[in-house]
Amino acid sequence: MVSDNAPRVLVVGGGPAGAATAIALRREVPGARVTVVDKATFPRDKTCGDGLGPGARRVLDGLGLSELLEPFHMPMSVAISGPGGVEALARGPLMEGRDLAGYVTPRLDLDHLLLGAARDAGAEVREGVSFEGSAPDGVRERVALSDGEATYDLVVGADGAYSAVRRALGVERPSMRHTHIAMRAYGKVTHPDKPVSDTLRFDFLESLLPVYGWVFPLPDDGANIGVGLPVNHLKRQTARHGRKLRDLFDLYVEDLGRRGFSVSGVERVATHQLPHAAARTPMTARGRAAVLVGDAAATINPLSGEGIFYGMAAGVQLAEHLGEVERGGGTWAGAGLADVLAGFERAHRRRFGRHYRECYLAQQLMRSKTWAGIATRAVAASDEAMAHVALMLFDEQTAGSRGLVRLAASSVRPLLRR
C-alpha cells in the first residue's frame, strides 16, 4: 500500500529506458508513487535497429522479465565484414565461454510489452500525455503536462534523443560531432549460402566509410536493414557528392546485392538521430530534482549505435542507488537529493566510462579503410577477439591495454609471414 505522503516520481518516456526505470523503482523503492507518461499511445513504432544483445537480455533477466523475450527471433551468430571482403563470424550462442545470444525485437512490440510490465509492477501509466515543461519548486519539481500540473520529488527524463526534459533542465544537446544519424527499414533478405536468419550482421563499407550497415534478421526471411554514420560526415557527403541519407541506404542495399544477398520489399523507411556517449552529456542539472537516462543522456554506444541496454541499465542503476539510500536509513527525496543524484551519476560513469571511451576510439579507427581492414582481419583470425568485439557492440565489454596489444599483434603477424 502506497501512502498519500509517499515520494512521487515522474518518469517521462515509456520506451525501454523509462519502463525499466519504473519497474526497478517499484522494486527498489516500493514506498514511492511512480508515474510514467508518454505522448504516444501504445503500441507505437520507434525507429531502431531492433537488436538486443546479451547486455539488454541480462537487464531483463534481473528484472524478472525474461519471458517477455520468448516471442522474439533469436539469432545465434554475429558477423562483421570490413574492407577487402574480410568477414569475421562469431558463432553463438556460446563463444570462448561467453554468452553472445541476443534477440531482434521490433520496438512496436517490445515497448508495448515493457510498458505493460511497468503497469503490472504498480506504476501508474498515462499514455497520450505530453511533457510541456518544468521548473524548480523548492526542493521538488513543478511539472506541466498536457493533462495538468503537479509537483514531483523526482523527474526522470527517459524521453529520447530529442528530450523535452533535457531542454527544460537547460542541458545542452550533444554536438553534431558526437551525434550519428541512422536510417532503418524492413524488408526480406536472403542468400543462397549464408544463414541470414541466424546472424546479426554489421558491414563496414569500404567505399563509404565511416558508413556502417546492418541486417538484423526476423522470422520468414524478414529483416531490419539500416545504415548509420556521423551527422557531420553526412553533411560532407551531401555537400561534395549530393548524397543524402536515402542515397547511402540504397548504396548499402546495392552492396548487399553484389555480395549475393537478395533484398526485396523494402518498406517503413525512417530516420533517427543517435547522440552517443562520447559527448559526456550531464545526467543531472544543478538545483533541479531531475535526472536523465538513456538517449536523453546520450548514452548510446559510439561503435554500434546500441542504446536500449544502456538506457535500461542506467534506469535500474538509478533505482538501486535510491534503494540503497533508503535501506541505509537515509532519505533521497528533499534537500539531499542533489547529492544522491550526483552519486548515481558518478557510479554510472565509473561503470561505463571506460567502455564508452574504448568504443569511441574503435569507432574513430573504423573510419579509416586501413584500420578497419586491420581490425576485421584480426577478429576474423581469433575467436577470442571476435567474442570480445561482439560484447563491445552489445554489452559493456572493454578491451583494455592487453586486449589492444593482442589485437595489434594478431593484425601484424600475417603481414610478417609474407
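## Closed cavities

The largest cavity in this predicted model holds about 80 Å³ of space. Its lining is made by His180, Phe204, Pro210, Tyr212, Pro230, Pro302, Leu303, Gln363, Met366 and Arg367. Sorted by class, that lining has seven nonpolar residues, two polar ones and one charged one. Searching the whole structure turns up two cavities of 30 Å³ or more, so here is the other one.

The second largest cavity encloses about 40 Å³. Around this space sit Gly53, Pro54, Val78, Leu100, Leu200, Ala390, Leu391 and Phe394. Helix 10 gives the largest share of this lining, with three residues. The class count for the second largest cavity is seven nonpolar, one polar and no charged residues.

## The largest pocket

Now for the open space. The largest pocket has a volume of about 900 Å³. Its lining runs to 49 residues, and those nearest the centre of the pocket are Lys46, Arg107, Gly160, His272 and Asp295. If you want to find the pocket by its secondary structure, look for the elements that contribute two or more residues to the lining: helix 1 (16–28), strand 2 (33–38), helix 4 (164–169), strand 14 (179–190), strand 16 (212–217), strand 18 (262–275) and helix 7.

The chemistry of this lining is mixed: 22 of the residues are nonpolar, 16 are polar and 11 are charged.

## Helix 2 against helix 7

Helix 7, one of the elements that line the largest pocket, also packs with helix 2. The axes of helix 2 (residues 54–62) and helix 7 (residues 308–327) approach to within 9 Å, crossing at roughly 35°. The crossing of helix 2 past helix 7 is left-handed. On the helix 2 side, the contact is made by Gly55, Ala56, Arg58, Val59 and Leu60, while helix 7 brings Phe309, Met312, Ala313 and Val316. In class terms, the contact contains seven nonpolar residues, one polar and one charged.

## Asp395, a buried acid

Where does Asp395 lie? Asp395 is in the loop between helix 10 (383–394) and helix 11 (400–416). Is Asp395 buried or exposed? With a relative accessible area of 8%, Asp395 falls under the 20% cut-off and therefore counts as buried.

Leaving aside residues up to four places away in sequence, Asp395 touches Pro54, Gly55, Arg58, Phe309, Tyr310 and His355. Some of these names are familiar by now. Gly55, Arg58 and Phe309 also take part in the contact of helix 2 with helix 7, and Pro54 is among the residues that line the second largest cavity.

## Val86 and its distant neighbours

Val86 sits in the loop between strand 4 (77–81) and strand 5 (87–91). Which residues does Val86 touch, not counting those up to four places away in sequence? They are Ile80, Ser81, Thr376, Arg377 and Ala380. For a sense of distance, Val86 and Glu384 are separated by 298 residues in sequence and by 17 Å in space, taken from C-alpha to C-alpha.

## Backbone details worth a look

Two cis peptide bonds deserve a mention. One joins Phe42 and Pro43, with omega at about 0°, and Pro43 belongs to the loop between strand 2 and strand 3 (51–52). The other runs from Leu209 to Pro210, where omega is near 15°. Pro210 is in the loop between strand 15 (199–204) and strand 16, and this proline also helps to line the largest cavity.

Positive phi values appear as well, in residues other than glycine. Asp221 has phi near 70° and lies in the loop between strand 16 and strand 17 (222–230). Asp221 has a relative accessible area of 41%, so this residue is partly exposed. Arg268 has phi near 50°, but its place is within strand 18. At a relative accessible area of 40%, Arg268 is partly exposed too. Strand 18 is also one of the elements that give two or more residues to the lining of the largest pocket.

Technical notes:
Residues numbered from 1 in each chain as written. Predicted model: local features only at pLDDT ≥ 70, side-chain atom pairs only at ≥ 80, totals over all residues. Heavy atoms only, no water. Axes fitted to C-alpha atoms, helices over the stretch in contact; angles between N-to-C directions. Helix = DSSP H or I, 4+ residues; strand = E, 2+ residues; numbered from the N terminus. Left-handed = near helix turned anticlockwise from the far one by under 90°. Contact = heavy atoms within 4.5 Å. Nonpolar A, V, L, I, M, F, W, Y, C, P; charged D, E, K, R; others polar. 1 Å grid on protein atoms, 1.4 Å probe; cavity = no way out; pocket = protein on both sides within 12 Å on 5 of 7 lines; lining within 4 Å. Points joined across faces, edges and corners; volume = space filled by probe spheres on them. Buried < 20%, exposed > 50% of the residue type's maximum accessible area, 1.4 Å probe, protein only.
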